[in-house]
Amino acid sequence: MRWELPGGAIELVRGDITAQEVDAIVNAANAQLLPGGGVCGAIHRAAGPELAIACAEIGGCPTGQVRVTPGFRLPARYVIHAVGPVYRGTGEEAQLLASCYREALREAAARGLRSVAFPAISTGIYGYPLEEAARVALAAIADFLRRERPGLLVRMVLFGERDFEVHAAALRELRRAGDIT
Ligand code: ADP
């Protein structure tokens with residue numbers, strides 16, 4: 001599924017983010033930038049031990065912000081580590097989650113990259129409700145493309161069937177709203 005905007009395109013695919021042949025993949029990192037589990041563990045395994053060393057040199061990253069490393073053994077040239085919020089229902093999570101997407105896209109645009117792939121940040125171990133996270137993520141991406149016009153292909157890589165379906169529904173909804181305005 002694909003949506004063309006003036007500033008780029010949003011694509012939804014089902015798959016494994018570590019296999020994506022894009023300029024950068026985004027990691028759903030923890031604040032310590034440690035390998036951990038979930039998509040983060042998979043990225044570290046695929047990139048090789050050099051990635052954990054590069055992350056240790058950076059030392060950490062606040063929630064809602066990003067840090068960039070090389071991709072090492074990954075097909076992607078860079079890994080953009082984005083620290084999503086742990087969902088607690090305080091109402092502050094949406095801003096922090098949107099910030100992850102925006103800051104990652106800003107780093108990609110600043111480096112002149114053409115393509116970047118995201119996982120569904122915070123929707124696994126961090127417990128962010130899927131429907132809500134999908135809306136926040138896709139709106140933040142669409143907003144950035146419209147405002148900054150970076151000419152980026154932004155691919156969301158959804159691991160499970162339900163993750164894909166929920167994101168597809170959210171993207172259709174956003175596109176419908178965008179066609180009206
Ligand atoms: P968080 O701690 O930010 O919640 P998780 O890694 O637990 O991060 O989960 C984030 C999302 O990434 C979940 O939807 C999970 O199913 C998905 N995921 C796990 N492994 C991969 C992978 N190899 N490629 C893409 N997505 C993945």
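Ser-115 touches Val-22, Asp-23, Ala-24, Leu-152 and Leu-153, leaving aside residues up to four places away in sequence; a contact here means heavy atoms within 4.5 Å. The model you are looking at is predicted, so local features need pLDDT of at least 70 and side-chain atom pairs count only at pLDDT 80 or more, while totals for chains, interfaces and linings use all residues. Residues are numbered from 1 along each chain as its sequence is written, and side-chain values use heavy atoms, with hydrogens and water left out.

**Around Ser-115**

- You can find Ser-115 in strand E6; helices (H or I, at least four residues) and strands (E, at least two) are DSSP runs, numbered from the N terminus.
- Ser-115 has a relative accessible area of 10% and is therefore buried; buried means under 20% relative accessible area, exposed over 50%, and partly exposed in between, with a 1.4 Å probe and protein chains only.
- The side chain of Ser-115 reaches the backbone nitrogen of Asp-23 at 3.0 Å. Such a polar contact is a pair of N or O atoms within 3.5 Å; within protein, one must be able to donate a hydrogen and the other to accept it, and residues adjacent in sequence count only if both atoms are side-chain atoms.

**Helix H1**

- In helix H1 (residues 38-47), the buried residues are Cys-40, Gly-41, Ile-43, His-44 and Ala-47.
- Seen down the axis of H1, these buried residues fall within an arc of 160°, so they line one face of the helix; the arc is that of the directions from the helix axis to the C-beta atoms.
- The cover over the buried residues of H1 includes E3, helix H2 (50-58) and E5.

**Helices H3 and H4**

- Helix H3 (residues 93-110) has 18 residues, which at 1.5 Å a residue should span 26 Å, and its end C-alpha atoms are indeed 26 Å apart. The expected span is 1.5 Å times one less than the number of residues in the helix.
- Among the buried residues of H3 are Glu-93, Leu-97, Cys-100 and Tyr-101.
- Strand E6 (115-118) and helix H4 (130-148) are included in what covers the buried residues of H3.
- For the 19 residues of H4, the expected span is 27 Å, and this agrees with the 27 Å between its end C-alpha atoms.
- Buried residues in H4 include Leu-130, Val-136, Ile-141 and Phe-144.

**Positive phi angles**

- Most residues other than glycine have a negative phi.
- Leu-33 is not a glycine, yet it has a positive phi of about 55°. Leu-33 sits in the loop between E3 and H1, and it counts as buried at 3% relative accessibility.
- Arg-149, also not a glycine, has a positive phi of about 45°. This residue is in the loop between H4 and E7, and at 53% relative accessibility Arg-149 counts as exposed.
- Two glycines have a positive phi as well: Gly-48, which follows H1, is near 95°, and Gly-112, just after H3, is at about 70°.

**The ligand**

- The ligand is surrounded by 16 residues, and the closest are Asp-16, Val-39, Ser-122, Gly-124 and Ile-125; to be near, a residue must have a heavy atom within 4 Å.
- A nitrogen atom of the ligand lies 2.9 Å from a backbone N or O atom of Ile-17.
- An oxygen atom of the ligand lies 2.7 Å from a backbone N or O atom of Ile-125.
- A polar backbone atom of Tyr-126 is 3.0 Å from an oxygen atom of the ligand.
- The protein buries 89% of the 560 Å² that the ligand exposes when taken alone; accessible areas come from the Shrake-Rupley method with a 1.4 Å probe, and for residues only the protein chains shown count as cover.
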